[in-house]
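Reader: I'd like a close look at a single part of this model, the aromatic pairing. Could you start there and then walk me outwards into whatever surrounds it?

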Amino acid sequence: MANLKEIRSRITSVSSTMQITSAMKMVSAAKLRRAQDAITRMRPYSEKLNEILANLSSSLDVSENVYGEERDGKRVLIVAITSNRGLCGGFNNAVIKDVKRMLNNELKSHDVNILPLGKKANDAFKASGMINTAKVYGDWDAGDVYSNLTFEHVSEIANHVMEAYAENKYDKVILVYNRFKNAAVQILETEQFLPIRQPEGEQKVSTDYIFEPDKEEIVNDIIPKSLRIRLFAALLDSHAAEHGARMTAMHKATDNASELKKELKLTYNKVRQAAITTEILEIVAGAEALND
């Protein structure tokens, strides 16, 4: 059994850890509120625009919409969206494991490249040699996206991805990210970003659109804008989910530290009582020896 000094040291260490996790929980809760407000305001607009985009894309010829062109090639770009920091439970690991699952199964025979949005994805796949952002984005810092999470900044990333697809560098672009549901639940999403396709479960809509001012201008404006908003919404979803996962993880860590501290205090009291009892027995034994 550990001595009193060791147990006191552990109690002090656990108390310090509990203060840190409690502070991180409160910080994540404050950031979650702002991130949640951002995605809840963005989501209805993004979903409606995606619906219009899918219907419009299905009504256009391949020559009119390069982003709706179905290709049979095996060049795939996976956009893996994670966070820059850890301590958020299985948030990042879920994305990394799903990408690895695809690489070992349905994309096993494909030429796959990964564009990491977040340092955790960059660190996980860097050693594999599949991260070659020069093909997509040139000199790229995977963690830079969260230092300036604005629509203008994300639009630059989306533009480079769309440009690479339009130039036939890739035949398919897939998004892998965590979708925010609530503070305790994040849903792993794997979406086809390009080519644009009709959402599953919906029938193809044959709508005769009236374009104003003209068809070419509308198509050249609305389709790229919709794709930029779609990537921005995915990043906002991931950002809110990250803070929710971290807040939940730090809440559990604080509870676990509290329970451990109680157990250590109980052990400390038992050891202290045993030491006091031993000392009393030694004094009594010494007194009896003197009397004899």
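Author: Happy to. Keep in mind that this is a predicted model. Counting ring pairs whose centres lie within 6.5 Å, you get one aromatic pair. The partners are F151 and F232, and they meet edge-to-face, with 5.7 Å centre to centre and 70° between the planes. That angle earns the edge-to-face label because the label applies to planes over 60 degrees apart. The pair links distant parts of the chain: F151 belongs to helix α5 (residues 151-166) and F232 to helix α6 (residues 215-291), with their positions 81 residues apart in sequence.

The two rings don't share the same kind of surroundings. F232 has 10% relative accessibility and so counts as buried, while F151, at 27%, counts as partly exposed. The cut-off that matters here is 20%, since buried means under that value.

Another ring worth a glance is Y165, where R71 lies over the face, 3.9 Å from the ring centre.

Now step inwards. The largest nonpolar core has 50 residues, and those with the most contacts inside it are I81, L117, L194, L227, L231 and L235. Several elements each supply at least two of its residues: helices α1 (4-58), α4 (144-147), α5 and α6, plus strands β1 (75-81), β2 (111-117), β3 (172-182) and β4 (185-194). Helix α6 gives the largest share, 15 residues. As a general point, nonpolar side chains in soluble globular proteins tend to be buried together.

L231 is a good residue to click on if you want to see how this core is put together. Leaving out neighbours within four places in sequence, L231 is in contact with I81, L117, V154, I157, A158, L175 and F193. There is also a second, separate core of 17 residues, and I78, M102, L103 and V176 are among its members.

The strands I've been naming make up an open sheet of four, in the order β2-β1-β3-β4, with mixed pairing. β2 and β4 stand at the edges with a single partner strand each, so one side of each has no neighbour in the sheet. On average, and ignoring direction, neighbouring strands are turned by 25° against each other.

In the middle of that order, β1 and β3 pair in the parallel sense over five bridges. Two of the matches are easy to pick out: I78 has I174 in β3 as its bridge partner, and V79 has L175 in β3. L175 should sound familiar, as it is one of the contacts of L231, and I78 is one of the residues of the second core.

On the other flank, β3 and β4 pair in the antiparallel sense over nine bridges. These two strands form a hairpin with two residues between them, and N182 is bridged to V185 in β4. Helix α2 (residues 91-104) lies across β1, β2, β3 and β4, running at about 150° to β3.

One last stop takes you back to the long-range theme. K48 lies in helix α1, and its relative accessible area of 47% makes it partly exposed. The C-alpha atoms of K48 and S226 are separated by 9.9 Å, although these residues are 178 residues apart along the chain.

Conventions: Residues are numbered from 1 along each chain as its sequence is written. This is a predicted model: local features need pLDDT of at least 70, side-chain atom pairs count only at pLDDT 80 or more; totals for chains, interfaces and linings use all residues. Side-chain values use heavy atoms; hydrogens and water are left out. Rings of Phe, Tyr and Trp (its six-membered ring) pair if their centres lie within 6.5 Å; planes under 30 degrees apart count as stacked, over 60 as edge-to-face and the rest as tilted. Buried means under 20% relative accessible area, exposed over 50%, partly exposed in between (1.4 Å probe, protein chains only). A charge sits over a ring if NZ of Lys or CZ of Arg is within 6 Å of the ring centre and within 35 degrees of the ring normal. A nonpolar core is a set of buried Ala, Val, Leu, Ile, Met, Phe, Trp, Tyr and Cys residues joined through side-chain atoms within 4.5 Å. Contact means heavy atoms within 4.5 Å. Two strands pair if DSSP finds at least two bridges between them. Axes are lines fitted to C-alpha atoms, for helices over the stretch in contact, and angles run from 0 to 180 degrees between N-to-C directions.
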